[in-house]
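This report is meant for a reader who meets the structure here without earlier acquaintance. It goes through a few local features in turn and closes with an overview of one chain.

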Amino acid sequence: MKIYDGKYILIGLLVFVGLATFPIWFDHGKAVAPADPSLNTPVIAGMMVKHCILPKDQMITEHMKLLNVWRTEVVRYGKRVYVAPNGEKYEMSLETECFRCHSNKAEFCDRCHNFAGLDKASDPYCFSCHVVPSEKKPGAVAMVGKESK
Amino acid sequence: MGIKLSLAAVLGLVLAAYIGVTAAGLYHFFGVSLPYLAISLFLGGVVYRVLKWARAPVPFRIPTTAGQEKSMPWVKHSRFDNPSTKGETVVRMLLEVFLFRSLFRNTKFEIEKGPRIFYQWEKWLWLAGLAFHYCFLVILIRHLRFFTEPVPFFVQGIEKLDGFFQVGLPGIYVTDGIFMLAVTYLIIRRLIIPQVRYISLPQDYFPLFLLFAIGTTGILTRYVIKVDLIKVKTLAMGLISFHPVVPAGIGAIFFIHLALVSTLFAYFPFSKLMHAGGIFLSPTRNLPNDSRMRRHINPWNYPVKVHTYAQYEDHFREKMVEAGLPVEKELEQAPPVAGKP
């Protein structure tokens, strides 16, 4: 069977297949280890029952929504205390509350955010305003949430 | 009929994926087998269709002539609507592929009381079509963040531009909204314009409902019924590195979305969606209108035995001169002919 204008059509098809399989040759078939956020901080290590504000699965998928609600509550309504579904009270603050336990942004926040493809420099944009508490070496007592408010 | 059938097909797919994952636990099928099958069908099918088209000969120029043909120097030539050279045709194709120029020329035709014919300005189809296609492209590129590690700069650049307004968390993407609006318009247009509805078939409704469902499930997955993206990316990276794994605990909404997208990919080569490839192979678009400048000879013309007038005269010149018939070459001018009777 003859192919007419084969030069143009075959080049076009090659471009199409090249673009359509972009992820395959971009990653050249290497398996990538999934992100592994670290919970190894002094405060978490010292917890009797390890728990977060909400159940773990919910925290993984909903933390950004929760922070957004906190932002609204604090900035617009001046409310600073969050009552979790289990009755525990938390201060609605990324710097003093979240980072009290998760004092390891690079091994905790960033690992998943980078893996999910957020821009290292600017996404999520929490930290374009918020101070990142200085990270302590394991063993030292975490000193986070200094007078940063 | 076509509407109900298409709607039922899409809802059936959603239900099948939901039940298949939640009740039957077919995670491997919906997470690995179906996407692999779909992408193989997509790539193979598109290549097959294009090569099939490529085997059709196009011996003559049949471009649509949407403007003044190249003519005398004082007649203004419409270069890109009636191209006469390869370069002009390339420009016409680029305008067609990137800006849908022929759709832009769309007018609405109506007979009003009088009777008078009205041709009205009608750009809505062009606008919705263009918005839909570009939003879909941006959404496709954005999804590359699940398929690449490290994520290339242009993916993050497009994401940033798309999430420019930084509304809510996770930030709302502008294209998500425009995509849904455009698809909705394209569906409603088919339903309420009587002439368009009359010519609409299940194969017109099905892709639209499918795209609407893909958009809806995608938006639900991102903003409402959230899933663990780390696991989703692990699944996606496993697929493209050919070491597929399905991490436990990804929500059913993700598998519904994936099943619908797989259906779209698998369905693509066998449907009207192949206009994506067909636009490049449309003889009415991709040929220069040079029929009056170049002679196009049908390549499979069989050889015809002809006897031209010059040969005829060579044969019979003496007899013609004898009979007093006019000849083009006189006897003394004509070269001696071998084998003359």
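## A partly exposed tyrosine and its surroundings

Tyr134(B) has a relative accessible area of 35%, and because buried means under 20% and exposed over 50%, this residue counts as partly exposed. The model is a predicted one, and the values given here are computed from it. Within chain B, Tyr134(B) belongs to helix H5, and its side chain takes part in a nonpolar patch on the surface, which covers about 540 Å² and also includes Val90(B), Leu94(B), Phe98(B), Leu99(B) and Leu137(B). Two helices of chain B, H3 (86-99) and H5 (124-142), each contribute at least two residues to the nonpolar patch, and the largest share, 4 residues, is supplied by H3(B).

## Two helices that cross

Elsewhere in chain B, helix H1 (residues 2-22) and helix H9 (residues 202-224) have axes that come within 8 Å of each other and cross at roughly 35 degrees. The crossing in which H1(B) passes H9(B) is right-handed. Where the two helices meet, H1(B) brings residues that include Gly2(B), Ile3(B), Leu5(B) and Leu13(B), while those from H9(B) include Pro202(B), Tyr205(B), Phe206(B) and Ala213(B). Also among the residues in contact are Ser6(B), Ala9(B) and Val10(B) of H1(B), together with Phe209(B) and Leu210(B) of H9(B).

## Salt bridges

Over all chains, the structure holds 21 salt bridges, and three of the pairs are set out in the table below.

| Pair | N to O distance |
|---|---|
| Lys79(A) and Glu73(A) | 3.5 Å |
| Glu96(B) and Arg285(B) | 3.4 Å |
| Arg317(B) and Glu313(B) | 3.0 Å |

In the salt bridge between Glu96(B) and Arg285(B), the partners come from distant parts of the chain, Glu96(B) lying in helix H3 of chain B and Arg285(B) in helix H13 (residues 283-286) of chain B, 189 residues apart. Are these two partners buried or exposed? Glu96(B) has a relative accessible area of 7% and is therefore buried, and Arg285(B), with a relative accessible area of 16%, is buried as well.

The pair of Arg317(B) and Glu313(B) is joined within helix H14 (residues 309-323) of chain B, where the two residues are separated by about one helical turn because they are 4 residues apart. Both Arg317(B) and Glu313(B) are buried. In chain A, by contrast with these buried residues, Lys79(A), which forms its salt bridge with Glu73(A), is partly exposed, its relative accessible area being 44%. Salt bridges can also be joined into a network, as is the case for Arg61(B), Asp290(B) and Arg294(B).

## An overview of chain A

What elements make up chain A, and in which order do they run? Chain A has 6 helices and 2 strands, and from the N terminus on these follow one another as α-α-α-α-β-β-α-α. The chain is 149 residues in length, and 34% of its residues count as buried. When contacts in chain A between residues at least 6 apart in sequence are considered, 61% of them join residues that are at least 24 apart. The accessible surface of chain A comes to about 9600 Å², and carbon and sulfur atoms account for 62% of that surface.

Key: Residues numbered from 1 in each chain as written. Chains lettered and ligands numbered in written order. Predicted model: local features only at pLDDT ≥ 70, side-chain atom pairs only at ≥ 80, totals over all residues. Heavy atoms only, no water. Patch = residues over 30% accessible without salt bridge, like charges linked within 9 Å, V, L, I, M, F, W, Y side chains within 5 Å. Areas by Shrake-Rupley, 256 points an atom, 1.4 Å probe, with all protein chains shown as cover. Salt bridge = Lys/Arg side-chain N within 4 Å of Asp/Glu carboxyl O. Buried < 20%, exposed > 50% of the residue type's maximum accessible area, 1.4 Å probe, protein only. Axes fitted to C-alpha atoms, helices over the stretch in contact; angles between N-to-C directions. Left-handed = near helix turned anticlockwise from the far one by under 90°. Contact = heavy atoms within 4.5 Å.
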